[in-house]
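Here is a quick walk through one protein model, from a loop to a helix, then on to a pocket and the cores. Have the structure open while you read.

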Amino acid sequence: MWEEASELRSCGKLLELGKEICCPVVAIHGDYDPHPFEGVKEPLFRNLKDFRFILLEKCGHRPWIEREAKERFYSLLRNEI
């Protein structure tokens, strides 16, 4: 799956497909994630109709297992669903 998504991402089609999403989208991103949050937040904000971004402090790429962010992540997730 990731290989296909990566290919779509590199040619710009993934963001184009995002324009067809009608439901609300929430991105939860760690401030220590190796992917800079600006590169995630800005393109999604421009291409999704109903988009919110939440930056988790002291958090990397996997908040569900990270000591500093796990509780906040699960709290946010429960509130969103």
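## An odd loop residue

Lys58 sits in the loop that runs between S2 and H4. This is a predicted model, so take the details below as computed from it. Lys58 isn't a glycine, yet its phi is positive, at about 55 degrees. For background, most residues other than glycine have a negative phi. Is Lys58 buried, exposed or partly exposed? Its relative accessibility is 46%, and because exposed would take over 50%, Lys58 counts as partly exposed.

## Helix H3 and its two sides

Now have a look at H3, which covers residues 38–47. Its buried residues are Val40, Pro43 and Asn47. These cover an arc of only 90 degrees around the axis, so they fall on the same side of H3. Turn to the other side of the helix and you'll find Phe45 and Arg46, both exposed. What covers the buried residues of H3? The cover includes helix H2 (13–18) along with strands S1 (25–30) and S2 (51–56).

## The largest pocket

The largest pocket holds about 740 Å³ of space. It is lined by 27 residues, and those closest to its centre are Trp2, Arg9, Leu14, Val40 and Leu44. Helix H1 (2–10), H2, S1 and H3 are the elements that each give two or more residues to this lining. Which element gives the most to the lining? That's S1, with six residues. Val40 turns up here again: it is one of the buried residues of H3 and among the residues closest to the centre of the pocket.

Sorted by class, the lining of the largest pocket looks like this:

| Class | Lining residues |
|---|---|
| Nonpolar | 17 residues |
| Polar | eight residues |
| Charged | two residues |

## Two nonpolar cores

The largest nonpolar core has six residues: Ile54, Leu56, Cys59, Ala69, Phe73 and Leu76. S2 and helix H4 (70–80) each supply at least two residues of it. There's also a second, separate core of five residues, with Ala27, Val40, Leu48 and Phe51 among them.

Leu56, a member of the largest core, is worth clicking on. If you set aside its neighbours within four places in sequence, Leu56 is in contact with Ile28, His29, Gly30, Asp31, Pro63, Ala69, Arg72, Phe73 and Leu76. Ala69, Phe73 and Leu76 also belong to the largest core.

Terms used:
Residues numbered from 1 in each chain as written. Predicted model: local features only at pLDDT ≥ 70, side-chain atom pairs only at ≥ 80, totals over all residues. Heavy atoms only, no water. Buried < 20%, exposed > 50% of the residue type's maximum accessible area, 1.4 Å probe, protein only. Helix = DSSP H or I, 4+ residues; strand = E, 2+ residues; numbered from the N terminus. Arc of directions from axis to C-beta. Contact = heavy atoms within 4.5 Å. 1 Å grid on protein atoms, 1.4 Å probe; cavity = no way out; pocket = protein on both sides within 12 Å on 5 of 7 lines; lining within 4 Å. Points joined across faces, edges and corners; volume = space filled by probe spheres on them. Nonpolar A, V, L, I, M, F, W, Y, C, P; charged D, E, K, R; others polar. Core = buried A, V, L, I, M, F, W, Y, C linked by side-chain atoms within 4.5 Å.
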